[in-house]
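This report examines selected local features of one protein chain: the packing of a helix, an enclosed cavity, and some individual residues. The sequence and structure are shown first.

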Amino acid sequence: MPRLGGDGSSRVLEVFRVFDELASKSNRFVIAFSGGKDSTALAILLLEWILDRGRNDLNVTIIHSDTLSEIPEMESWARAFAKRYSEMLRKVGVEVETVFEEPQPTETFYWRVFVRGYPAPTFNFRWCVKLLKRKPAQRALKAVDGSILLLGHRDSESSARAQKIHSRLGCPLGPSRCFSYYFSEASAVKAYPIRGWSDSDVFNFLRERSSVYGLDELLRLYGYGLVNARYGCWHCTLVRHQLGHLVMGGGHMYFEALRKIYRWVSDIPELRIPKERGYSRLGALNAGARSLIHRLIPEAEKLSGINLYGLDMSSVYGHTLREIFYTIPPREANEIVMEEEKREGGDLSRIVPIEDIRNIDKHRSSLEKHLEKIIEKSDEDSIAGKYIRELLHRAL
């Protein structure tokens, strides 16, 4: 393996000094690795610091939290790089463990939409962040108490994130001297070594090391640094555009269309079940809305040639979610859903029989009355409009 070490840049040297400070507190490091550009740069920086300082006495844990809703190419990249990276660490004598965490089947996007009728998340109801990201990560972190947790968050990612980091951190290298900070929380220390890096800092760093670490696929996913896309769940409705879809283009645009349809359907009061409590009087998606999303998913897969892997990776009682929601006899599927919801303490009144979700013809007349609103929105959408209309035409 090439002994790169520090490249002499002030940014890299500053990060190395932060690692020096952190290593004086513990030799157990945990990398929160999403597979995106920032966590990849952070992982490489740690390896180069290890090489430069000769610190093969470390214990490193790589934690990757897969929401089971990631854009497939990004998830494939993340898992492949995590494997290669682990091998690199072992070659220099570092003890390393890789942990992959996923949401429980009943906490996946597919279960929550089809079984519990969850509408598209809003900033007041960010159910997806809690279930798909935080809970799996928290399970993994319980096993590494006392370690240094390294995160690739940066101030320039968003003003909200920058404000949160600013409000909680202290500088390990003295006031106004460092670009990276850490804070102690319970028995763990959280550190943000590349907090002050800009987008161009990250991309320049990755481009310089692309041939050594095999980063060409990652750079391709980000348009080689020309587009600052943020990757996340394919169905995320907390952003105006899922830039990952736009960068990948092609078949991914059908999922950009599907994500927008999910948002707009959730905003139609007549497709929601009224409720009496909560910040909103609009409750779960009704049977027709669930049936529409259910029908659109396989249509988007066929048109794009891309499978949503989360339906096949998560299973209950020996059946994948795809089998439960799409292929096994409805009676068997209903029994599985009911049993699991009882075990989880779910609200059984929210459950819609699988046969009703699979039979979109039962809801066609009620849906058609409202889909004109979505068609009108699609006419104003220059990016995904034609994909939205094609999907709806295939479904109905």
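The buried residues of helix α17 pack against three other helices, namely α10 (252-266), α11 (287-304) and α16 (364-379). The model is a predicted one.

**Helix α17**

Helix α17 spans residues 385-395, and its buried residues are G385, Y387, I388, L391, L392 and A395. Viewed down the axis of α17, these buried residues fall within an arc of 165°, so they line one face of the helix. The face turned away from this buried side carries K386 and H393, both exposed.

**H294 in helix α11**

Helix α11, one of the packing partners of α17, contains H294. This histidine has a relative accessible area of 5%; because buried residues are those under 20%, H294 counts as buried. Apart from its neighbours within four places in sequence, H294 is in contact with F114, F325, Y326, I357 and R358.

**The cavity**

How many cavities of 30 Å³ or more are counted? The count comes to 1. The largest cavity holds about 30 Å³ of space. Its lining is formed by I31, F33, A43, I62, F81, A82 and Y85. By class, the lining of this cavity comprises 7 nonpolar residues, with no polar and no charged residues. Helix α3 (residues 72-91) supplies the largest share of the lining, 3 residues.

**Residues with positive phi**

Most residues other than glycine have a negative phi. Two residues that depart from this sign are set out below.

| Residue | Phi | Location | Relative accessible area |
|---|---|---|---|
| L68 | near 65° | loop between β2 (59-65) and α3 | 1%, buried |
| Y317 | near 50° | loop between β9 (315-316) and β10 (319-320) | 46%, partly exposed |

L68 has a positive phi and lies in the loop that leads from β2 to α3, the helix that gives the largest share of the cavity lining. Is L68 buried or exposed? At 1% relative accessibility, L68 is buried. Y317 likewise has a positive phi, and its loop joins the strands β9 and β10. With a relative accessible area of 46%, Y317 is partly exposed, because that class covers values between the 20% limit for buried and the 50% limit for exposed residues.

Note on methods
Residues numbered from 1 in each chain as written. Predicted model: local features only at pLDDT ≥ 70, side-chain atom pairs only at ≥ 80, totals over all residues. Heavy atoms only, no water. Buried < 20%, exposed > 50% of the residue type's maximum accessible area, 1.4 Å probe, protein only. Helix = DSSP H or I, 4+ residues; strand = E, 2+ residues; numbered from the N terminus. Arc of directions from axis to C-beta. Contact = heavy atoms within 4.5 Å. 1 Å grid on protein atoms, 1.4 Å probe; cavity = no way out; pocket = protein on both sides within 12 Å on 5 of 7 lines; lining within 4 Å. Points joined across faces, edges and corners; volume = space filled by probe spheres on them. Nonpolar A, V, L, I, M, F, W, Y, C, P; charged D, E, K, R; others polar.
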